[in-house]
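I opened my notebook today to look up a few things in one structure. Here is what I wrote down, entry by entry.

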Amino acid sequence: RYDDYNDFGTTLNSKASLAFRPLDSLLLRASWGQGFQAPALYDLYALTSESPSGGVIDTWRCAQSPEDTDGDGRANVPQEDLPLTHPCRGGQGSNQYTAVEGGNRDLDPTESTQWGLGLIWSPLDSLTLALDYYRIELDDEVVLLTYQTKLDEEFRLREAGDSGAQVGDVTRVAGGLLQSVENHYVNVASRDTEGLDLDVSWFLPLGRVGDLTTRLYWTRFLNFSATDTSDTDRTIHLDGDIGYPEDRGQLTLSWTRGDFSVTTVGNYISDQEGSTNCGPEDRCRLGVFTTVDVQGSWATPWNGQITVGVRNIFDEDPPTNFGFYTNQQHDVFGRVPYIRWEQDL
């Protein structure tokens with residue numbers, strides 16, 4: 001596939017897939033492909049804005065202070081023992097500067113490479129099992145680096161011999177005090193994800209009693225690593241951290257007889273512990289979250305369907321960490337009854 005965009009250029013992506021059936025009951029499959037995501041218009045064309053900011057370590061000036069005994073731009077004494085005006089002191093209110101942010105018209109697209117291996121096995125007419133391994137690599141993700149990263153970059157450039165009022169994206173006034181730091185969107189981040197997907201379905205006819213169907217979906221994270229945008233030379237592993245549960249599953253049990261059906265769904269999200277935002281003394285943890293949904297349906301004689309159900313029937317509260325929950329994977333609505341009418345015209 002070839003694409004030509006007038007704001008960032010062209011991209012060419014390929015895909016290949018293979019399927020092989022050695023037995024009537026067994027299908028083996030594999031795939032490889034490339035993909036891309038164009039930069040957002042805001043990332044490309046956001047207007048430059050200036051605002052007062054602070055809360056960073058002035059790495060270059062810190063390295064010149066007696067509190068930095070090894071010259072790495074960080075104090076060798078606890079930061080809380082330093083006055084707020086000290087260049088080695090981070091945190092709210094320290095080392096004021098003007099933050100300059102804006103878009104970047106030279107951005108490239110985010111590119112991906114993905115491949116997978118899997119099988120579908122039906123040992124019985126009523127039983128099917130699918131197991132797939134996947135790996136997805138994303139490169140050149142568009143991010144806004146931290147201002148601390150910009151100051152650390154300036155420190156390395158000055159250590160290498162650069163000099164002057166502006167080095168890198170940092171500008172200083174007479175005496176070496178911070179004046180401004182520019183920070184535009186850049187292509188630097190990457191992600192590497194791999195895992196297993198399991199899908200098992202079983203159909204059991206019960207004669208005059210009806211039919212029973214059960215299905216299990218399960219996803220297991222084997223690895224989720226990403227660029228640390230506070231230090232782009234470092235890779236962080238996020239699988240199992242808060243926001244990246246290692247296991248997610250759903251078990252569905254359905255009974256059908258004629259125009260009537262009843263379905264129960266169990267949802268599972270594993271516990272998560274640790275986060276890049278947690279301090280060394282923090283115990284950051286979200287517990288297991290399990291909910292059960294129930295619904296009943298009636299197929300009406302007038303080509304419609306009426307469904308009555310309850311989500312989270314046991315009114316489970318989401319797990320919290322220091323009083324907060326993750327709205328990307330949990331919700332606080334609790335028990336939610338509903339009625340739905342679908343009609344074919």
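**Entry on an aromatic pair.** I began with Phe-221, and I noted first that the model is a predicted one. Phe-221 has a relative accessible area of 17%, so I put it down as buried, the cut-off being under 20%. Next I asked which ring Phe-221 pairs with. I counted aromatic pairs in the structure and got nine. In one of them, Phe-221 meets Phe-224 edge-to-face, with 5.5 Å from centre to centre and 75° between the planes. Phe-224 is buried as well, at 7% relative accessibility. I then followed the ring pairs further and found Phe-221, Phe-224 and Tyr-244 linked into a cluster.

**Entry on the disulfide.** How many disulfides does the structure hold? I found one. This disulfide joins Cys-62 to Cys-88, with 1.9 Å from S to S. The pair links distant parts of the chain, 26 residues apart: Cys-62 sits in helix 2, while Cys-88 is in the loop between helix 2 and strand 6. I looked up the turn about the S-S bond too, and with 100° the link of Cys-62 and Cys-88 is right-handed. Are these cysteines buried or exposed? Cys-62 is buried at 0% relative accessibility, and Cys-88 is buried at 1%.

**Entry on salt bridges.** I reminded myself that side chains of opposite charge can pair when their charged atoms come close. The structure holds 17 salt bridges, and I picked a few to look at.

- Arg-1 pairs with Asp-3, and their closest N and O atoms are 3.0 Å apart. Arg-1 is exposed, with a relative accessible area of 66%, whereas Asp-3 is buried at 12%.
- Asp-192 and Arg-135 meet in a salt bridge at 2.6 Å, N to O. This pair links distant parts of the chain, with Asp-192 in strand 12 and Arg-135 in strand 8, 57 residues apart. Asp-192 counts as buried at 15% relative accessibility, and Arg-135 as partly exposed at 24%.
- Glu-246 forms a salt bridge with Arg-220, where the closest N and O atoms are 3.8 Å apart. Glu-246 is in the loop between strand 14 and strand 15, and Arg-220 is in strand 13, 26 residues apart. I noted Glu-246 as partly exposed, at 28%, and Arg-220 as partly exposed, at 32%.

I also came across a network: salt bridges that share partners join Asp-58, Arg-61, Glu-154, Arg-158 and Arg-172. Arg-158 turned up again when I looked at Trp-60, since Arg-158 lies over the face of that ring, at 4.5 Å from the ring centre.

**Entry on a charge without a partner.** Where is the nearest side chain of opposite charge to Asp-43? It belongs to Arg-191, 12 Å away, and Asp-43 is buried yet has no salt bridge. Asp-43 lies in helix 1. Leaving aside neighbours within four places in sequence, I found Asp-43 in contact with Gly-103, Asn-104, Leu-107, Val-142 and Tyr-185.

**Entry on a glycine.** My last stop was Gly-118, in strand 7. Gly-118 is buried, with a relative accessible area of 14%. Gly-118 and Ala-130 are 12 residues apart in sequence, and 7.3 Å apart in space from C-alpha to C-alpha. Not counting residues up to four places away in sequence, Gly-118 touches several residues, including Leu-27, Arg-29 and Asp-132.

Definitions and conventions:
Residues are numbered from 1 along each chain as its sequence is written. This is a predicted model: local features need pLDDT of at least 70, side-chain atom pairs count only at pLDDT 80 or more; totals for chains, interfaces and linings use all residues. Side-chain values use heavy atoms; hydrogens and water are left out. Helices (H or I, at least four residues) and strands (E, at least two) are DSSP runs, numbered from the N terminus. Buried means under 20% relative accessible area, exposed over 50%, partly exposed in between (1.4 Å probe, protein chains only). Lys and Arg count as positive and Asp and Glu as negative; His and the chain ends are not counted. A salt bridge is a side-chain nitrogen of Lys or Arg within 4 Å of a carboxyl oxygen of Asp or Glu. Contact means heavy atoms within 4.5 Å. Rings of Phe, Tyr and Trp (its six-membered ring) pair if their centres lie within 6.5 Å; planes under 30 degrees apart count as stacked, over 60 as edge-to-face and the rest as tilted. A charge sits over a ring if NZ of Lys or CZ of Arg is within 6 Å of the ring centre and within 35 degrees of the ring normal. A disulfide is a pair of cysteine sulfur atoms within 2.5 Å.
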